[in-house]
Amino acid sequence: MTATRYLKNRDVGEARLSGTGKPDTSDSSVRMHSHLKSAEKRAGYLFIAPAVIGFLIFYLVPMVRGLAISFTDWDLISPAKFVGFANYQKLLSDQHFSHALVVTVIYVLVNITTQTIAGLGIAVLMQRISQSSFIRSLLLIPWLVPNVTIAVITLFLLDPNVGLVNHLLTMLHTEPIAFYGNPDIAIFTVALVNSWRNMGYTALLIFAGMQIVPKMIYDAAEIDGASTSRSFFSITLPLIRPILVMVVVVSMIGSFQIFDTVAVATKGGPLDSTRVIYFYIYEKAFQQGQMGYAAAMAVILLIIILVMTLVQLRLTKATESDLA
């Protein structure tokens, strides 16, 4: 019970005891009520201050700085030279940039689809078979391991010569597969590796959303003769839609920022098949010294992510809940 509600109930109680039927509106009561409201506001501002300060320092200021750099020609050594929209005009004819966008979109589609479906399946199993805290802890282990470590581990596991996976394939009389070395499947390998890493965390988010669905709805559906699959598609999915939308949007934003797995495992190869947009930006900025051009690509990427996020939220009606 908040301090405001406490004061209101106290005033009503005092009014009843005094027989007046009206709460005490004396100056001391009003001043105390105002003082408590001010204290609540100050406490609220104090709690959100670290998040606001962190956003300003680590997100907003670099974002504005990056936007300013995108209008310059800067090699990180000599002074920046203002060039207007030249960097953005250059993007229109840069085939490597368009290729990197296509590769990134392929990665995002594969990663989001497999990660969401796997996470949803695991969440359903947890809901129906076991809700053990130990199992939930195990699901978080891959997500807690850094992407760089995951990339190094899978680089050895999927090695065509000494990798454990290819050793098992050889035992099944199957030819070894160069998962990271084949340009036709390299980006799919990167996407599936990251899906495996994140699907446990995704499952926990969806599982948490399932807990808010009232059990009486399932009981009513069971009485009406609804099967398990019918209850899942007609009750569970519609009622956890806001959670699913949140998972997809967050996964999409994170997927567009894929970098570390590519940098460690493939370095953009083979034949540029895994050169995602973030890795291309890194190459232009820190390997080729074209910081202004790299900043322009980063701005375009920000706009693409922002537009796609708004479209997803609008189409899926994420702010509306069927539980309301």
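**Exercise 1. Leu271 and its surroundings**

Task: Work out whether Leu271 is buried or exposed, and then describe the backbone of the loop in which Leu271 lies.

Solution: Begin with the terms, in which buried means under 20% relative accessible area, exposed means over 50%, and partly exposed is what falls in between, with a 1.4 Å probe and protein chains only. The relative accessible area of Leu271 is 76%, so Leu271 is exposed. This structure is a predicted model, in which local features need pLDDT of at least 70, side-chain atom pairs count only at pLDDT 80 or more, and totals for chains, interfaces and linings use all residues. Residues are numbered from 1 along each chain as its sequence is written, and side-chain values use heavy atoms, with hydrogens and water left out.

Next, locate the residue: Leu271 lies in the loop between helix 12 and helix 13, where helices (H or I, at least four residues) and strands (E, at least two) are DSSP runs numbered from the N terminus. Leu271 has a positive phi of about 55°, although Leu271 is not a glycine. Asp272, found in that loop between helix 12 and helix 13, also has a positive phi, near 60°, and with a relative accessible area of 25% Asp272 is partly exposed.

Finally, look at the peptide bond between Gly269 and Pro270, which is cis with omega at about -5°; Pro270 has its place in the loop between helix 12 and helix 13. As background, most residues other than glycine have a negative phi, and most peptide bonds are trans.

**Exercise 2. The nonpolar cores**

Task: Find which element gives the largest share of the largest nonpolar core.

Solution: A nonpolar core is a set of buried Ala, Val, Leu, Ile, Met, Phe, Trp, Tyr and Cys residues joined through side-chain atoms within 4.5 Å. The largest one has 40 residues, and those with the most contacts inside it are Leu91, Phe97, Tyr107, Val276, Ile277 and Met297. Among the elements that give two or more residues to this core are helix 4 (95–128), helix 8 (186–210), helix 11 (241–256) and helix 14 (291–316). The largest share, 9 residues, comes from helix 14.

To see one core residue in detail, take Phe97, which touches Leu91, Ile277, Tyr280, Met297 and Ile300, not counting residues up to four places away in sequence; contact here means heavy atoms within 4.5 Å. A second, separate core of 20 residues includes Ala123, Met210, Tyr218 and Leu239.

**Exercise 3. Helix pairs**

Task: Determine how helix 11 is oriented towards helix 14, and how helix 4 is oriented towards helix 8.

Solution: Axes are lines fitted to C-alpha atoms, for helices over the stretch in contact, and angles run from 0 to 180 degrees between N-to-C directions. Angles under 35 degrees count as roughly parallel, over 145 as roughly antiparallel, 65 to 115 as roughly perpendicular and the rest as oblique.

Helix 11 and helix 14 pack at an angle of about 170°, with their axes 11 Å apart, and therefore they are roughly antiparallel to each other. The residues that meet include Val245, Val249 and Phe256 in helix 11 and Leu301, Ile305 and Leu313 in helix 14.

Helix 4 and helix 8 pack at an angle of about 40°, with their axes 6 Å apart. That makes helix 4 oblique to helix 8.
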